[in-house]
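Hi there,

I'm passing a structure on to you, as promised. Please have a look at it first, and then read my notes underneath.

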Amino acid sequence: MIKIVAKNVISLITILNKRINSIRLGDEKVYLEFDNIKGLYNVTLKEKAVIVYINKEITADEREYIKNTIKNIYNRESIIKITLNDSIIPDGFIYDNLGILVRKEKVTPKNTYIHYVRISDKWLFIKSKVYSKYHDIYQFEIESFDPVTKESRIELCSAETIGKWGLCVSFLMNSLAVNTNEEFKKDLTTLFTRISSENEIPDKITIPYMGWNENNTEFFPYSDKLNIDFTGDTSKYLKNTIKAFQPKGEINKFINKLKNFINDNYDSDFIISEKFAAPLIDIIGIRSFSINYYGKSGTFKSLANKFGIACFGDPEKLSSSGGHTKLVLMEKLAKFHNLPFYIDEIKEETIDIYGVGNESGRQRLNKNAQIMESVTWRTIMSCTSEHSMEKDSNKEGEINRVICLSVDCVPKNLKNLDDFSKEEFARDNYLFIKNNYGQLGELYIQEVIKLKPILNNIYQEILNNIYDKNKNKQHLYMIASISLANYIYRKLFFDIDDINYSIKLGKIFVKKLQDIENLDSDIKMLRTIMEFYDINENAFKITGKEFKCNYCYGAVREDQIYFILNPLKEYLEKKGFNWNDKKSLIDRNLIEYKNARIDNDLKKRIIVNTSILTKNTNKTLWDDMTPEGIINELGDNDLPLPPKF
């Protein structure tokens with residue numbers, strides 16, 4: 001933000017006079033710092049001139065007064081250089097509170113008349129010289145600032161267009177919304193060229209994506225040394241996405257709301273931690289992976305994920321939809337690169353799980369049939385759905401790259417309340433993160449950079465403590481990275497330095513993991529039957545409860561679930577099962593298949609006895625295990641206190 005400090009010019013000159021009188025002028029430059037004079041950077045005293053650097057707004061009359069005063073007292077010419085927004089404005093141009101003015105001279109036989117003409121209603125600054133490694137070109141990062149509204153915009157302009165009248169001004173007019181008259185375009189081009197030549201323009205390196213540079217020392221969009229490469233961003237998707245990282249709201253309010261949301265809920269804490277884990281995995285050296293959070297509607301799984309995204313920026317603009325095509329999602333994933341990537345309500349075959357873990361997009365040819373460099377990423381792709389993605393991920397390579405978790409993010413104090421109360425809680429939080437976001441991302445990245453020398457040590461400590469020889473090793477690496485992020489963000493934002501809690505949180509979700517590849521086909525089919533029930537629980541008539549659904553899929557009596565055949569058959573076949581395979585489940589007493597009445601309608605039903613589920617199968621195979629139930633299995637020694645604040 002540009003800061004303009006008003007200062008009385010006469011007072012400034014009075015102090016300037018006293019300082020210059022005490023200095024012997026010579027050939028050498030002498031710089032005097034005036035810390036006690038606001039509006040004056042420094043003065044350069046030369047034998048034949050005095051150079052005054054001022055970081056304040058001055059009028060044309062004030063400029064002439066300064067020059068005449070120095071001339072009268074010291075008989076030296078003065079060169080006044082205005083420094084605004086860290087840029088030296090060339091002599092002959094003025095930036096006042098309404099835009100840019102250019103000095104014009106009208107020479108007559110008797111006199112020379114000086115006047116100033118407005119050429120733009122914006123201020124223009126060249127911020128940096130930007131090298132695009134991806135496209136191998138140099139560009140300038142240019143800011144246009146409105147002195148009236150205090151709004152600014154930054155755009156990139158290729159170096160070739162600077163100084164070329166038409167292209168340069170066309171760029172300024174269209175991209176930076178600089179209003180100027182046709183006759184003053186040349187003056188704008190002159191100003192632009194002189195600013196670039198008279199200033200020491202810092203260099204920047206561009207990257208074609210958001211995230212880390214090559215040595216993990218800078219992270220875009222939280223770096224003043226990196227810039228995103230917009231060269232091929234003709235749709236302005238990247239430019240609009242980057243705006244979503246601008247913080248909105250107050251950080252303390254956001255942290256308090258976050259605490260309130262995850263209070264007493266391990267699933268919510270885990271999901272928030274997973275979002276913070278995305279920038280870590282490149283540093284600790286594990287591959288990209290996917291997490292599928294699934295469960296019936298109303299469990300706040302989408303809200304928890306969007307709350308996690310809101311830590312970095314606008315959750316609506318930074319979240320993707322399951323309705324997007326696979327190609328669009330993979331291209332967006334490449335642009336997010338090291339940032340958390342979330343897909344809301346994913347559809348079957350929407351995302352390439354193997355491709356996410358493979359960390360590389362398809363290699364293509366350009367318009368000249370030349371091979372283009374393929375896009376890459378290293379991050380965590382998370383998604384929500386009503387059913388597990390396990391059936392969509394039955395290849396060994398995909399199994400190693402995805403974990404599927406049934407979650408319920410409804411806070412404990414809302415569990416026994418009616419649906420209206422839960423909906424009001426969700427609505428309140430959605431409205432909050434709509435207007436409060438982006439407060440934690442930059443602070444978190446700064447902390448990660450500080451901890452970088454010891455991150456792998458902390459990660460290894462967590463991994464050693466959650467290790468389970470019966471679990472997929474790749475899955476253990478994933479859980480450990482999320483536990484690491486949990487430790488960092490709780491310490492940074494909640495002032496809780498407790499690595500034991502983060503380790504035990506990891507143990508809960510290691511216990512909750514499903515070893516899909518080790519399940520036999522009967523157990524997988526039974527799991528899918530129960531998955532159908534979980535998704536459509538409202539469509540089952542429960543004894544003693546009012547039935548409000550417009551359609552019926554079955555009934556629940558005591559600890560038995562009765563399934564109407566056709567809806568269940570359609571679901572199982574959609575998930576890839578053969579309906580005739582139910583016979584094997586019947587033979588193993590995992591289900592019953594017999595006549596039963598539902599609303600006086602006597603027909604064949606599939607019946608699942610819920611007591612059989614824990615008696616005849618390994619409990620760790622079941623998706624609906626609550627963290628509390630797992631904790632009881634782990635024992636008191638491994639009991640982590642819930643995330644209370």
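Below is what I found about the cores and the spaces.

This is a predicted model, in which local features need pLDDT of at least 70 and side-chain atom pairs count only at pLDDT 80 or more, while totals for chains, interfaces and linings use all residues. Residues are numbered from 1 along each chain as its sequence is written, and side-chain values use heavy atoms, with hydrogens and water left out.

Let's begin with the largest nonpolar core (buried Ala, Val, Leu, Ile, Met, Phe, Trp, Tyr and Cys residues joined through side-chain atoms within 4.5 Å; buried means under 20% relative accessible area with a 1.4 Å probe, protein chains only). This core has 108 residues, and Y444, L484 and Y489 are among those with the most contacts inside it. Helix α16 (residues 473–494; helices are DSSP runs of H or I, at least four residues, numbered from the N terminus) gives the largest share, 12 residues. A second, separate core has 30 residues, including V50 and F192.

Next, the largest cavity (a set of points on a 1 Å grid over the protein atoms alone where a 1.4 Å probe fits but cannot get out; lining residues have an atom within 4 Å of a point). It holds about 30 Å³ of space (a volume is the space filled by probe spheres set on the points, which are joined across faces, edges and corners). Its lining is F245, I309, F312, L318, F336, L339 and P340.

Enjoy exploring!

Technical notes
1 Å grid on protein atoms, 1.4 Å probe; cavity = no way out; pocket = protein on both sides within 12 Å on 5 of 7 lines; lining within 4 Å. Buried < 20%, exposed > 50% of the residue type's maximum accessible area, 1.4 Å probe, protein only. Helix = DSSP H or I, 4+ residues; strand = E, 2+ residues; numbered from the N terminus.
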